Amino acid sequence: MSIRRKALEALSQIIDGGAYANLCLKKAEEGLDERDAKWISAAVYSALDNLMMIDLIIACHAKGKLDKTIRNILRLGVCQARYMLVPESAACNESVKLAKEVGKGALSGYVNGVMRSICRSKDAIELPHDPVERLSIEHSWPKWLVEELCQNYGIEEAEAIISSKEHGFCIRAQWPYSDKELEGELTKRSIGFRRGGIDDNAFYLESGFDVTKEPLFAEGKLTVQSESAMLICRIMEPKADMKILDACCAPGGKTAYMASLAKNMCDITGFDLHEHRKELTEKTLSRLNVTRAKLYTKNSAEYDAGFEKAFDAVLTDVPCSGLGVRGKPDVRYAKTPAIIDELCRIQSGILDTCSRYVKPGGTLVYSTCTVSKKENEDVAKAFLRTHAGFEPCDISAFLPESMRDRASGGMIQLLPNRDNTEGFFIAKFIRRR
């Protein structure tokens, strides 16, 4: 089976079957060499990331109702010609070959005609004049999401948010391995990097780095983590002898960094709803040499009297829409307003329940990896209105000078276009009684 057919099958499963992109690609790449695996991943993610624009291009040249498989062949073909720098002739020829390979040989002439028509006039696409519709198609974000972002951030900021790309591969050191030791090792091996702008322990690598083959990774001296996730852990202020709850702990990166910041001298309890995710987290913590963590398979929204006022600090990094994370374009297509509303209900339930586990004088952190105001500021403010014992806790000391003016009421929204990291929201509260 050709790599383009593997890419086609993955793309079809994601778009037409609602499958998760990362899982489909993992299966598609099995048994392939690194070069072919990377090509499939790049083709599928590039097609998804530009899907609405690609579909507009196809619609201008392909008349009538399209067979699903033919539409996806054309999507891959346009993606290669327009976004992957594949020569137009090759993109056309490979699309024709792909149609024949999957049993659509009778339509291969049609595929050839549409692809050649697109390649001849690829710059002649007219976008809608309405700014929301234009942004939606140009950047391939559902219109309702673009409309919401424009309302919350303004058109210019919304466009900057949705057009922002990934900010690089970020790793950090895990205690007792230090950032100085990691910097020295990378320098010795001539691996280019830049230091983080939010956390000094963040290293953005400039070249390829396969962590699965890296001894430092296997030894638990380093791990992969975004700066936004690292900031959440800093704001938790983990210290020796603290009792900390990570209420939605899988896959374990934040649990591990909190342990690292406290030099393995704090006690961390972790909850996760699913047993297999708890087991995944246990493996992560074991690799990273976290020694004082105890995990439970548990629904964080269901109250447990055994944990009443038991913790000095509680982290609720709740399930969310994931709209702040780059590199996962399938996420935004799967969301609807109804899904966002249901997520807000779940988030509020977890926050409400877990607030009862905070000791008087202790702190509660609420975080998401989204730029959705409904899931972020609205949930946090609603919590404060209904929980008189809690009040905002200043977080400005944990932020770079350039970000402090945006921290208000114990809350900050990180934006990918401004902060060179993922779009996370963080709010911190202190329990007064």
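## A walk through the model

Start with the empty spaces: the structure holds two cavities of 30 Å³ or more. Keep in mind as you click around that this is a predicted model.

**Stop 1: the largest cavity.** Select Trp141, Gly322, Leu323, Val325, Arg326, Lys328, Pro329, Val331 and Arg332, and you have the lining of the largest cavity on screen. The space inside amounts to about 50 Å³. Colour the lining by residue type and you should get five nonpolar residues, one polar and three charged.

**Stop 2: a pocket.** Next, go to the second largest pocket, which holds about 390 Å³ of space. Its lining has 18 residues, and those closest to the pocket's centre are Tyr153, Glu377, Arg406, Gln413 and Phe425. Which elements give two or more residues to this lining? Show α9 (143–153), α18 (377–386) and β11 (411–413) to see them. By type, the lining divides into seven nonpolar residues, five polar and six charged.

**Stop 3: Arg418 and Asn420.** Keep Arg406 selected and add Arg418, since the two are in contact. Glu157 is also in contact with Arg418, again leaving aside neighbours within four places in sequence. Arg418 belongs to helix α19 (residues 416–419) and is partly exposed, with a relative accessible area of 45%. For a sense of scale, draw a distance from its C-alpha to that of Gly109: the separation is 47 Å, for residues 309 apart along the chain.

Now step along to Asn420, in the loop between α19 and β12 (425–431). What is the sign of phi at Asn420? Positive, near 55°, in a residue other than glycine. Most residues other than glycine have a negative phi, and most peptide bonds are trans. Asn420 has 43% relative accessibility, so it counts as partly exposed.

**Stop 4: more backbone oddities.** Lys263 is another non-glycine residue with a positive phi, of about 55°. Look for Lys263 in the loop between α14 and β6 (267–272). Its relative accessibility is 46%, which means that Lys263 is partly exposed.

At the other end of α14 (253–261), the loop that comes after β5 (243–246) contains Pro251. Turn on the backbone atoms here: the peptide bond from Ala250 to Pro251 is cis, with omega near 5°. Then jump to Trp175 and Pro176, which are also joined by a cis peptide bond, this one with omega of about 10°. Pro176 sits in the loop between β1 (169–173) and α11 (179–188).

**Stop 5: the largest nonpolar core.** Move on to the helices at the start of the chain. The largest nonpolar core has 42 residues, and the members that touch the most others are Ile40, Val44, Ile58, Leu74 and Met115. To see where the core comes from, show α1 (3–17), α2 (21–28), α3 (34–49), α4 (51–59), α5 (68–83), α6 (88–101) and α7 (108–120), each of which supplies at least two residues. Which helix gives the most? That is α5, with seven residues. In soluble globular proteins, nonpolar side chains tend to be buried together.

Zoom in on Ile58. Beyond its neighbours within four places in sequence, Ile58 is in contact with Leu66, Arg71, Leu74, Arg75, Val78 and Ile118. Then widen the selection to the rest of α4, where Leu51, Met53, Ile54, Asp55, Ile57 and Ile58 are buried. What do the buried residues of α4 pack against? Their partners are α1, α3, α5, α7, α8 (131–139) and α16 (329–334).

**Stop 6: the cysteines.** Last, show the cysteine sulfurs. How many disulfides are there? The count comes to zero. Cys24 is in no disulfide, and the nearest cysteine sulfur, that of Cys79, is 16 Å away. Cys24 counts as buried because its relative accessibility is 9%. Cys150 is in no disulfide either: the nearest cysteine sulfur belongs to Cys344, 19 Å away. With 12% relative accessibility, Cys150 is likewise buried.

Definitions and conventions
Residues are numbered from 1 along each chain as its sequence is written. This is a predicted model: local features need pLDDT of at least 70, side-chain atom pairs count only at pLDDT 80 or more; totals for chains, interfaces and linings use all residues. Side-chain values use heavy atoms; hydrogens and water are left out. A disulfide is a pair of cysteine sulfur atoms within 2.5 Å. Buried means under 20% relative accessible area, exposed over 50%, partly exposed in between (1.4 Å probe, protein chains only). A nonpolar core is a set of buried Ala, Val, Leu, Ile, Met, Phe, Trp, Tyr and Cys residues joined through side-chain atoms within 4.5 Å. Helices (H or I, at least four residues) and strands (E, at least two) are DSSP runs, numbered from the N terminus. Contact means heavy atoms within 4.5 Å. On a 1 Å grid over the protein atoms alone, a cavity is a set of points where a 1.4 Å probe fits but cannot get out, and a pocket is an open set with protein on both sides within 12 Å along at least five of seven lines; lining residues have an atom within 4 Å of a point. Grid points are joined across faces, edges and corners, and a volume is the space filled by probe spheres set on the points. Ala, Val, Leu, Ile, Met, Phe, Trp, Tyr, Cys and Pro count as nonpolar, Asp, Glu, Lys and Arg as charged, and the others, Gly among them, as polar.
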